[in-house]
Amino acid sequence: MARTLVIGYGNPLRGDDGLGWRIVDRLAKMVAGEKTKILAVHQLTPELAEPISASDLVIFVDASYQGEPGSWRCEAIAPNGEVSNALAHYFTPVGLLGYADALFRARPRSLLISVAALSFDCSDQLSSNIEAVIPDIVQYIGTQISWFSQISAHSAVT
Amino acid sequence: MPKEILIDPVTRIEGHSKITIQLNDSGEVEDARFHVTQFRGFEKFCEGRPFTEMPSLTARICGICPVSHLIASAKACDALLAVRIPPTAAKLRQIMNLAQVVQSHALSFFHLSSPDLLFGMDGDPAKRNILGVVEAHPTLARDGIALRKFGQEIIALLGGKRIHPAWAVPGGVSEPLTEDKREKILASVPEALLLIERTLSWFKGVLEQFREEIRMFGNFPSMFMALVTPHPNGIHQAFLEHYDGVLRFVDAAGNIVLDQVDPLRYQDYIAESVEPSSYLKSPYFKAQGYPDGIYRVGPLARLNIIDRCGTPRADQEWTEFRALRRGVILSSFHQHYARLVEILYGIERIEQILNEPDILDQHVRAFAEPNQFEGIGVAEAPRGTLFHHYQIDENGLIKSVNLIIATGHNNLAMNRSVKQVAQHYVKGSHLQEGMLNRVEAVIRCFDPCLSCSTHAIGRMPLHIQLIGPEGELLDEVKRN
């Protein structure tokens with residue numbers, strides 16, 4: 001099975017910003033295993049470059065300001081040589097992948113799941129339309145992990 | 001008609017802020033201000049919650065220094081219970097707090113400030129970033145990762161996870177330390193010591209290149225405040241302290257202004273003012289009034305007010321550090337240097353505490369119902385002294401919360417530092433990278449933590465506008 005890292009990030013006391021935590025919490029009950037590491041973090045910090053470098057598949061889950069609240073998308077991301085000036089204030093997923101690449105020469109396949117949020121106000125609750133899409137997203141991530149593992153196993157055999 | 005230069009937001013600090021630089025009719029800097037534009041509302045948000053939730057709630061204030069809030073909050077809750085926590089629990093909290101200092105200082109030095117230190121303030125902005133550091137000095141970048149990991153691993157081992165461990169609880173800690181965890185931490189100490197000593201050696205070698213910045217970066221007389229440990233044998237020497245102890249204030253000449261102050265009486269000496277232009281409160285030393293009562297907290301303040309660190313290698317480095325200038329060190333640029341000395345101290349002190357005979361004791365929590373309606377917890381966070389002050393009702397629900405965070409203590413000093421740098425470096429009405437970076441870099445010396453919280457895709461990292469006398473846009477810089 002491929003080594004997978006899922007990182008849900010955000011602030012669970014800032015309303016929908018905590019959706020990454022909620023998603024990986026549900027996911028942990030579904031895909032627990034030695035080869036799957038699941039992290040809920042407040043923000044992307046530089047030392048995450050190390051577990052990223054030890055993974056074959058990395059999935060980031062975050063809230064987004066963009067889009068209709070409750071809508072979500074998944075995109076493949078990779079280091080692109082660009083460096084955000086935000087740097088270690090918080091790393092962006094692409095910036096963190098670039099850091100892992102520069103430091104450890106590691107380029108795992110990476111996906112970013114962005115969920116359009118409604119509210120970032122002080123609250124430990126998600127908006128109802130965000131809550132409603134969580135099961136779909138959890139299922140989707142589980143499918144991606146299984147699929148990637150199958151592909152990896154197949155590649156290893158052939 | 002005055003003009004205004006706006007730097008919004010400032011990058012590579014924790015949170016969201018902007019800097020405005022006010023020009024007069026002659027085009028010279030009249031005033032400069034550091035504004036915190038992010039409103040958190042934690043003090044109101046916590047009202048009505050059970051006090052037992054406060055450690056884990058307030059730890060969510062920040063993703064970089066959650067442990068500091070956890071510790072200060074747990075101490076405030078200890079006061080509400082009116083219990084003396086078991087000695088082993090206090091030692092374990094000390095270890096976690098020091099691990100927090102190590103990892104936070106490592107983030108500040110290696111990831112936020114090392115690009116400026118390695119490439120210079122006028123270095124090519126395309127290279128003056130952490131990837132540039134990886135390329136030009138990979139050892140420095142890897143050392144930064146490893147030192148941060150050292151601190152983070154200790155936090156994870158003690159608390160169960162790196163971010164927001166709910167381990168420090170009212171009355172102590174939730175779990176004792178195990179033998180295997182102690183051995184694991186001790187095994188990582190030698191390498192951590194090697195890395196920080198290598199970094200100190202490198203930093204001292206490049207320090208001379210920053211003579212101008214040392215002179216102009218927040219270099220002014222002010223008071224300094226921090227907790228200190230009185231010597232256990234009664235000798236009148238104050239040691240470096242991050243968890244407990246008493247407050248000491250010294251003036252710009254190094255004279256003790258106040259000593260042996262019970263931190264629970266902080267309101268006798270510190271008051272808070274609010275400026276309409278910023279959400280960050282401005283604490284000041286009461287006796288000198290507002291805004292004259294500027295004092296600084298954090299690593300520089302801590303090293304300025306002590307008589308020695310209390311660990312062998314850090315004492316050696318501290319002696320060298322204090323020899324930079326007769327009396328106390330006034331330049332805020334030396335916060336970087338002070339952070340490295342504190343990392344060294346933190347690693348040594350963690351090792352010392354882990355080798356104490358009762359560190360594996362199983363009694364790590366005292367249980368009680370609330371016995372006081374008011375509780376105050378104080379600890380040294382990486383950036384300075386942190387106060388948590390709670391009042392509860394007869395049901396144990398929070399009635400009021402007052403938090404004074406380290407960055408707040410430094411607010412007046414940061415404003416004065418920005419003004420000093422702006423007056424020296426800002427010339428004319430065009431924005432130049434090196435000048436702007438120096439204005440930002442002086443803020444980064446304080447490593448302000450503005451409660452970094454909401455972050456999501458789609459925000460512009462830096463937007464700078466130069467506004468003319470009639471409100472017209474004279475110059476604009478966007479960095480992405």
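How many bridges join strand 1 of chain A to strand 3 of chain A, and in which sense do the two run? There are 5 bridges, and the strands run parallel. The model is predicted.

## The sheet of chain A

Chain A has an open sheet of 5 strands. Their order is 2-1-3-5-4, and the pairing is mixed. The edges are strand 2 (36–41) and strand 4 (72–77) of chain A, each of which pairs on one side only. From one strand to the next, the twist averages 15°.

Strands of a sheet pair through backbone hydrogen bonds, either parallel or antiparallel. Strand 1 of chain A covers residues 4–9. Two of its residues show the register with strand 3 of chain A: Thr4(A) has Leu57(A) as its bridge partner, and Val6(A) has Ile59(A). On the pairing with strand 5 (residues 109–116) of chain A, strand 3 of chain A is again parallel, over 8 bridges. There, Phe60(A) is partnered by Leu112(A).

## Strand 3 of chain A: two buried faces

Strand 3 of chain A spans residues 57–64, and 8 of its 8 residues are buried. In a regular strand the side chains alternate between the two faces of the sheet. Leu57(A), Ile59(A), Val61(A) and Ala63(A) point one way. Val58(A), Phe60(A), Asp62(A) and Ser64(A) point the other way. Residues on both sides are buried, Asp62(A) and Ser64(A) included.

## Helix 3 of chain A

Helix 3 of chain A takes in residues 93–104 and lies across strand 3, strand 4 and strand 5 of chain A. Its angle to strand 4 of chain A is about 25°. The length checks out: at 1.5 Å a residue, its 12 residues should span 16 Å, and the end C-alpha atoms are 16 Å apart.

Is helix 3 of chain A mostly covered or mostly exposed? It is mostly covered, with 10 of its 12 residues buried. Among the buried residues are Pro93(A), Leu96(A), Leu97(A), Tyr99(A), Asp101(A) and Leu103(A). Within chain A, the buried residues pack against helix 2 (49–53), strand 3, strand 4 and strand 5. They also pack against helix 5 (130–136) and helix 6 (138–159) of chain B. After helix 3 of chain A comes Arg105(A), with a positive phi near 55°.

## Chain B: overall build

Chain B has 480 residues, of which 54% count as buried. Its secondary structure comes to 14 helices and 17 strands. Of its contacts between residues at least 6 apart in sequence, 71% join residues at least 24 apart.

The domain assignment gives chain B domain 1 (3–35 + 433–479), domain 2 (84–219 + 333–367) and domain 3 (220–330). Between domain 1 and domain 2 of chain B, 11 residues of the former are in contact with 12 of the latter. The domain 1 side of this contact has 4 nonpolar, 2 polar and 5 charged residues.

## Backbone exceptions in chain B

Most residues other than glycine have a negative phi, and most peptide bonds are trans. Chain B has a cis peptide bond from Tyr290(B) to Pro291(B), with omega near 5°. Pro291(B) sits in the loop between strand 11 (282–285) and strand 12 (295–296) of chain B.

Ala82(B) is not a glycine, yet its phi is positive, about 60°. It lies in the loop between helix 3 (66–81) and helix 4 (87–119) of chain B. Ala82(B) is partly exposed, because 13 other C-beta atoms lie within 10 Å. Gln260(B) also has a positive phi of about 60°, but its place is in strand 9 (residues 256–261) of chain B. Gln260(B) counts as exposed, with 12 C-beta neighbours inside 10 Å.

Definitions and conventions:
Residues numbered from 1 in each chain as written. Chains lettered and ligands numbered in written order. Predicted model: local features only at pLDDT ≥ 70, side-chain atom pairs only at ≥ 80, totals over all residues. Domains from an automatic or database assignment. Contact = placed C-beta atoms within 7 Å. Nonpolar A, V, L, I, M, F, W, Y, C, P; charged D, E, K, R; others polar. Buried ≥ 20, exposed ≤ 12 C-beta atoms within 10 Å, placed from the backbone. Helix = DSSP H or I, 4+ residues; strand = E, 2+ residues; numbered from the N terminus. Pairing = 2+ DSSP bridges. Axes fitted to C-alpha atoms, helices over the stretch in contact; angles between N-to-C directions. Expected span 1.5 Å × (residues − 1).
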